[in-house]
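Hi,

Here is the structure I said I would pass on. Have a look at it first, and then read on for my notes.

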Amino acid sequence: MEEIKNQYLSLKASCRGAEMQSLTNLSTGRECLWQGDPAFWGKRSPLLFPITGRMWNNRTEFNGREYSIPKHGFMQDRSFNLAEHTDTSLRYVFSSTPEELKMFPFDFNLEVVYTLDGNKVRVDFHVENCSIDTMPFQIGGHPGLSLLDYKADDNVHGYLSFEGAPWRLLRAGEQGCTEPDPLEMPMLEENLLPLKDGLFAHDALIFDEHQIKAVTLHDKYRQPAVRLRSDSPAMLIWQPDKHGAPFVCFEPWFGLCDSQHFFGPFTQRPYVNTALPGKTWHGGYTIECLK
């Protein structure tokens, strides 16, 4: 495990999945990142690639051939190489192997870079197409954020605020794919969405169409604690629907799961990115620790 620090933050990450393992606010000593208790969810901040979410009937099509890719892709347990380690940044690199080609027929290099900047960590994705054909793909982040002063018996465990113009939600239903009819926004209290038991009874809150530019987690006293910002077209908020889950995930996705009963090729999935042969696509997000 590798660690970087500045005067505000300490970040630890692992070569396995290039996954962030810890994000500590040094001024308060607070661990901002969920620590992966498998009783609720054993991950901390997995990388989603080359798909985000699920595929209908667990199948997709590239150039007329059928393939199967697991939920959120196959990078979470891959071993990355640590290519660069400075005082305030880590750069992890993975190059595709024949094993990945069985599921995703494109050679690629994938870089994940963590950079500390004041009280923020910037997470950058760089996807290089090493194939002779244009490469379609999806990519996303899935960091879990700890709820402050969590008590299972509290009626409200915290609040969310949104930057942008949220006006509707999609819902994942059968096979984890989106239902055809959107939902109305949940009721806000003074522009804040309370985190209560039952809010995630229908899985994640899915905001598409660039509705959300940033989302902030507030403590149960309405004080802002952590802010995530991204230019991703989709932003998901998720917590396992289990009583007592003391964290929430903010998920910036450059992509989205299939809609129900979708049988088209991969290129027709929502928000597919493309990289031309020899070219590199760039994206990412930032996490700002406010408390």
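Let me begin with the inside. The lining of the largest cavity is made up of eight nonpolar, four polar and one charged residues. Keep in mind throughout that this is a predicted model. The cavity itself comes to about 60 Å³, and a search of the whole structure turns up one cavity of 30 Å³ or more. If you want to find it on screen, go to S45, P46, L47, Y114 and Y285, which are the closest to its centre among the 13 residues that line it. Two strands, β10 (108-117) and β11 (120-129), are the elements that each give two or more residues to that lining.

Next, the pocket. The largest one has a volume of about 300 Å³, and 19 residues line it. Nearest its centre you will see K71, H72, H142, D203 and W253. Here the elements that contribute two or more lining residues are β22 (234-238) and β23 (247-254). Sorted by class, the pocket lining has nine nonpolar, five polar and five charged residues.

One residue I looked at in more detail is S230. You will find S230 in strand β21, which covers residues 224-230. Is S230 buried or exposed? Its relative accessibility is 3%, and buried means under 20%, so S230 counts as buried. The S230 side chain reaches the backbone nitrogen of S232 at 3.1 Å. Leaving aside residues up to four places away in sequence, S230 touches I212, K213, M235, P252, F254, G284 and Y285. Y285 will be familiar from the cavity, where it is one of the residues closest to the centre.

Now for the charged pairs. As background, side chains of opposite charge can pair when their charged atoms come close. The count for this model is 21 salt bridges, and I picked out a few.

- E3 and K5: their side chains meet in a salt bridge, with N to O at 3.9 Å. E3 is partly exposed at 34% relative accessibility, and K5 is partly exposed too, at 48%.
- K43 and D77: the closest N and O atoms of this salt bridge are 3.5 Å apart. K43 sits in the loop between β4 (30-31) and β5 (47-48), while D77 is in the loop between β7 (65-67) and β8 (81-85), so the pair ties together parts that are 34 residues apart in sequence. K43 has a relative accessible area of 23%, which makes it partly exposed. D77 is partly exposed as well, at 44%.
- E100 and R78: here the closest N and O atoms are 2.5 Å apart. What does this pair link? It connects distant parts of the chain, with E100 in helix α1 (residues 98-101) and R78 in the loop between β7 and β8, 22 residues apart. E100 is buried, with a relative accessible area of 2%.

There is also a network to look at: salt bridges that share partners join R16, K43 and D77 into one.

If you open the model with just one view in mind, I would start at Y285, since that takes in both the cavity centre and the contacts of S230.

Cheers

Definitions and conventions:
Residues are numbered from 1 along each chain as its sequence is written. This is a predicted model: local features need pLDDT of at least 70, side-chain atom pairs count only at pLDDT 80 or more; totals for chains, interfaces and linings use all residues. Side-chain values use heavy atoms; hydrogens and water are left out. A salt bridge is a side-chain nitrogen of Lys or Arg within 4 Å of a carboxyl oxygen of Asp or Glu. Buried means under 20% relative accessible area, exposed over 50%, partly exposed in between (1.4 Å probe, protein chains only). Helices (H or I, at least four residues) and strands (E, at least two) are DSSP runs, numbered from the N terminus. On a 1 Å grid over the protein atoms alone, a cavity is a set of points where a 1.4 Å probe fits but cannot get out, and a pocket is an open set with protein on both sides within 12 Å along at least five of seven lines; lining residues have an atom within 4 Å of a point. Grid points are joined across faces, edges and corners, and a volume is the space filled by probe spheres set on the points. Ala, Val, Leu, Ile, Met, Phe, Trp, Tyr, Cys and Pro count as nonpolar, Asp, Glu, Lys and Arg as charged, and the others, Gly among them, as polar. A polar contact is a pair of N or O atoms within 3.5 Å; within protein, one must be able to donate a hydrogen and the other to accept it, and residues adjacent in sequence count only if both atoms are side-chain atoms. Contact means heavy atoms within 4.5 Å.
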